[in-house]
Amino acid sequence: MNLHGTLVKYLQFLRSLSPVKYLKLKDLTLKLTMLIALTNAARAQSIHFMNVNHVHKVKGEFIFVLNELVKQSRPGYKEPTVNIKAYPPDRRLCVYTVYKEYVFRTKLFRGKHEPLLLSYVKPHQPVSRDTISRWIKVVMAKANIDTTIFKAHSVRSASVSKAKMNAVPISRILQKAGWSDAKTFAKFL
């Protein structure tokens with residue numbers, strides 16, 4: 001199976017997790033995690049650094065500023081962001097809608113916890129980067145992706161591959177993925 005085929009399977013599975021208001025917290029959390037990874041070509045580390053106190057809303061979008069050093073941090077590197085944009089063509093795949101439901105559902109037990117993602121199991125503590133990677137692999141397995149071949153970081157490859165197929169400028173892909181040159185991008189195709 002190629003990267004495009006994996007992306008199709010991810011999206012089919014994520015569409016099946018609808019409507020979000022009726023999902024169990026576990027499925028809602030898994031769906032949000034995978035949609036963030038797919039829509040941002042995000043590493044588990046970046047998702048882990050998403051903080052509810054470092055987000056601002058603009059029309060149809062939430063922007064998380066990552067104030068931590070990420071893998072691609074270097075002098076002159078712009079502070080990375082993770083964007084959660086509305087996707088009106090298919091609300092079943094709209095990370096914005098899923099995010100709003102997740103924030104609503106976790107509000108009661110969030111307390112002083114600042115990381116966005118909390119465990120879906122009591123006592124609902126912040127999760128590690130490794131847990132986020134495991135959640136991505138769980139979604140992959142549920143989407144019938146062979147996780148002996150494809151790993152959590154394969155989501156980045158599928159994401160940037162689809163962006164290229166949709167004529168997203170290479171400069172935009174490089175910026176979003178945190179890569180400094182097109183040679184790195186070529187390795188992921």
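Modeller: Contact here means heavy atoms within 4.5 Å. Keep in mind that this is a predicted model.

Biologist: Which share of the contacts with a separation of 6 or more comes from residues 24 or more positions apart?

Modeller: That share is 58% in this protein. As for burial, 47% of the 189 residues are buried. About 10100 Å² is exposed, with carbon and sulfur atoms supplying 56% of it.

Biologist: How many helices and strands should I look for?

Modeller: Eight helices and three strands. Follow the chain and you get α-α-α-β-β-β-α-α-α-α-α.

Biologist: Let's take the sheet. In what order do the strands lie, and is the pairing parallel or antiparallel?

Modeller: The general idea is that strands of a sheet pair through backbone hydrogen bonds, in either a parallel or an antiparallel way. In this case the sheet is open, ordered β1-β2-β3, and the pairing is antiparallel. β1 (55-58) and β3 (81-85) are the edge strands, each pairing on one side only. From one strand to the next, the twist averages 20 degrees.

Biologist: How many bridges join β2 and β3?

Modeller: Five, with β2 covering residues 61-65. For one of the partners, go to Phe64 and look across to Val82 in β3.

Biologist: Now the helices: at what angle do α2 and α5 cross?

Modeller: Roughly 95 degrees, with the axes of α2 (residues 25-40) and α5 (residues 129-142) coming within 9 Å. Angles of 65 to 115 degrees count as roughly perpendicular, so that is how α2 sits relative to α5.

Biologist: Which residues meet there?

Modeller: From α2, they include Leu30, Thr33 and Met34; from α5, Trp135, Ile136 and Val139 are among them. By class, this contact has nine nonpolar, two polar and two charged residues.

Technical notes
Residues numbered from 1 in each chain as written. Predicted model: local features only at pLDDT ≥ 70, side-chain atom pairs only at ≥ 80, totals over all residues. Heavy atoms only, no water. Axes fitted to C-alpha atoms, helices over the stretch in contact; angles between N-to-C directions. Helix = DSSP H or I, 4+ residues; strand = E, 2+ residues; numbered from the N terminus. Parallel < 35°, antiparallel > 145°, perpendicular 65-115°, else oblique. Nonpolar A, V, L, I, M, F, W, Y, C, P; charged D, E, K, R; others polar. Pairing = 2+ DSSP bridges. Buried < 20%, exposed > 50% of the residue type's maximum accessible area, 1.4 Å probe, protein only. Areas by Shrake-Rupley, 256 points an atom, 1.4 Å probe, with all protein chains shown as cover.
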